[in-house]
Structure formats: C-alpha cells, structure tokens
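Grab a coffee and open the viewer. Here are a few short exercises, each with a worked solution.

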Amino acid sequence: MIYLDYNATAPYSDKVKDYISNGMINDWGNASSEHDFGYNLSNRIKEDRKIICDFLDCSTGKLFFTSGATESINIVLSQANLSSYGIKTIISSKLEHHATLEPLEFNEKNSFSIKYAENNNQGSIDLNHLENLCQENPNSIVSLLYVNNETGVITDVVEVTKIAHRHNCLVHIDAVQALGKCEFSLDDLDADFVSFSGHKIGAMKGVGLLYINEPKKIHPLIKGGGQEKKVRPGTYNFSSIHSLRLAIEDINFSKNSNLLEMRDEFEKKLYQINPELKINGSDARRVANTSNIYLAGVSSQEVLLNLSREGIYTSTGSACSSGSVEPSHVIQAMGYDKDYARSCLRISIGQSTQKEHLDSLLEKLKIY
Ligand code: PLP
C-alpha cells in the first residue's frame, strides 16, 4: 500500500503503535472510579494533559479533551455558547472544513448572521476584508482554519487574532491540519478557542482537543458527569487520550524539511510530465505535506479509483451529498468552476512516505 492521504488520517505514530501492542490491553478502567485502578488512570490523564499543554504552550486549565475536532468546533459554534457570549454574527470563510460550514448553515437558519471573508484564487484569506467585516460587526466571532485540509494553504492566524481582538470579536481557530506541521504557541496565538484532532497526527480515533481561553463562560454541548469540568462530560476515553499524548511526543518538526524536499521534487517532476497541470495554492504559503493537483480534462474521481486499484491512496476533496458526488467546495471557493474542481487530486504525505512512493505515483500519472 502507498498511503498518500495523510490529511484524511495518519497512520499510528511509533509510540502509539507500541502502546496499542503492549500497554493498552490493561487500560480498560474508568478514570473516574474511586479505587486505585481508576485513580491511577486519572493521574495518568493529568500527566498526559500536562505534556500536551507543555507542547502547545498553554495552561492545563484551558485544554479539554473531546471526541475529535468536529465536536470541538460544534461546542464553540453551538447556539448556547454563541448566545452566552452575546454573539449574533459569525465571520468565517467559504474555505472551511464541513465541520465548520455545517454549523454555520444551521446557525444561519436559526437567526444568526454569517459573513464570509473573501479569499483569492490561491486560497489566501483577504485580511483587509476580514478587518472590514470585524469593524462592521463588533462582538462577533471569527472562525477560520489555520491550515486548509485540501490545499495546505496557511492562514496568518496570529494576524487574524489581532484583527478580531481589535474589534472586540472572539476568535476560533481550526488548527487540525496545523498540529505537527506548523510550530506555534497557544499562549502567543492568544485565540479564544482552538480545535485539534488526534487521528490526524497518528493518535487513535475518537479524541480531540478544545482550547478555551475562558472556560468558565462555556456552555457544554452535552450534560452528564463532571468530567472535564463539565465542559465535556462522559467517561474518559483513556486509551485514545493517552495515544494523543504519545503521538504529540512523536512529533518531530525537523522531519518536515524532508517532506518539503520530497513534495517539491514531486511537483517539479509533475510539471515536467505535464506542463499544463497546476498546483492549487502553490503561490501561497503552504505546509510541506500537501499537493493539490489540477489535471486538465481528467476526472480526478476516475484517477483516484484507478490509483486505488493499484494500492495508491489519494483524495479528491469531494463530498457525497444526497447520493451524488459534489466536487470540492474549497477549489470552487478559490474561484474555479465545478469542472475544474472535478479534475483536482489531493496528495498528502507524512512521516512514512518515501521518495519511491511519489515516484510510483508519478509513473501512474504519466498517462493522464
Ligand atoms: N477540521 C479540519 C481542517 C479537518 O481536516 C478535519 C478532519 O477531516 C476536521 C476539522 C474534523 O476532525 P475530526 O475528524 O477529528 O472530527
């Protein structure tokens, strides 16, 4: 198998693999139990949280475990929370992940106003337009991606936060695709909310994080026990939480330069094979692991299926809605039509990708 779909999910990191094979079988207890078995798990969660917070540079009282980024984002954009913060307007973009777009649509149908910051054809947010929107709508919330999952384009989230705060707006950053790819400090970022997902960095599925600058103000989406200071009640998913700490310990930023070298070499060779193709977002600042390729006149769905038959796994960014495949909304939001979007293929690489994997893909792409 040649796995080139890291932005969908990443293989388990080395420490996570070791934990699943060796330690996990004994960790089935309930961390909220009063006996020592539960108490020990609860202590280990404390330690896991501390290590994660040290890595992200935030205080342990501000970071909450959730089931994943979809849940984290939905907590922030829930009507209960927006209302409790006195927010009536959400400022976002058309480039967001569905985990944001769907709550926005839902809120719009329920008397919230949604404004979209403009972006250029490289997928970069127009920060001047964002500033105008914040100026016209003070006391709203800005919700934007740090790194776009389809193109890898990076938004200057430090600047976004400064702009929003200048106009008394709150800020939520979807940092799912930035974790392990961009070096940042939550303390320096100074956002009000930040969402993360475990499985994108090699942790097990079913765990995410929500950073909340002022947790006392938050309204939980669900009600139940007292876990996570009632922000996110429910029995601790211990093994997933622990795997997130291990995956974070396995992050090695120095390896990103290898990925960048491989990705750039791959794109250079692609242009040599087919001078007509385009790399979406290539003029913008991008993370090292993503290439979104436009293959003129070719159905990327077909390419994906053909590659899949050969054991090479990629993505088109399409969404399946009511039984039909909708071409990527991100590519369309960058100003391209549906036909163009239907010809776009996403390659996303990671720590186990080797140059030979990309060479095999290049060989297969020669026929298009
Ligand atoms: N935001 C981005 C940018 C993503 O790529 C994803 C995952 O596809 C999500 C949010 C949702 O994350 P999760 O799978 O943890 O719910």
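The exercises below start with the whole chain and end at a single residue; keep in mind that this is a predicted model.

**Exercise 1.** Work out how the radius of gyration of the protein stands against the globule rule.

*Solution.* Start with the make-up: you should find 14 helices and 14 strands. Next, take the radius of gyration, which is 21 Å, and set it beside the 21 Å that the globule rule gives for 368 residues; the two are close, so the protein is as compact as a globular protein of that length. For the outline, the C-alpha trace spans about 65 × 55 × 40 Å along its principal axes.

**Exercise 2.** Find what share of the residues is buried, and then look at the surface and the charges.

*Solution.* Begin inside: 54% of the 368 residues count as buried. Then go outside, where the protein exposes about 16400 Å², with carbon and sulfur atoms supplying 48% of that area. Finally, the charges: there are 37 positive and 46 negative ones, and their mean positions lie 3 Å apart.

**Exercise 3.** Decide whether Thr155 is buried or exposed, and list its contacts beyond its neighbours within four places in sequence.

*Solution.* First locate Thr155: look in the loop between β5 (141–145) and α7 (157–166). Now check its relative accessible area, which is 10%; buried means under 20%, so Thr155 is buried. Last, skip the neighbours within four places in sequence, and you are left with contacts to Ile125, Leu145, Tyr146 and Val160.

Technical notes
Residues are numbered from 1 along each chain as its sequence is written. This is a predicted model: local features need pLDDT of at least 70, side-chain atom pairs count only at pLDDT 80 or more; totals for chains, interfaces and linings use all residues. Side-chain values use heavy atoms; hydrogens and water are left out. Helices (H or I, at least four residues) and strands (E, at least two) are DSSP runs, numbered from the N terminus. The radius of gyration is taken over C-alpha atoms; the globule rule is 2.2 Å times the number of residues to the power 0.38. Buried means under 20% relative accessible area, exposed over 50%, partly exposed in between (1.4 Å probe, protein chains only). Accessible areas come from the Shrake-Rupley method with a 1.4 Å probe; for residues, only the protein chains shown count as cover. Lys and Arg count as positive and Asp and Glu as negative; His and the chain ends are not counted. The place of a charge is taken as NZ of Lys, CZ of Arg, CG of Asp or CD of Glu. Contact means heavy atoms within 4.5 Å.
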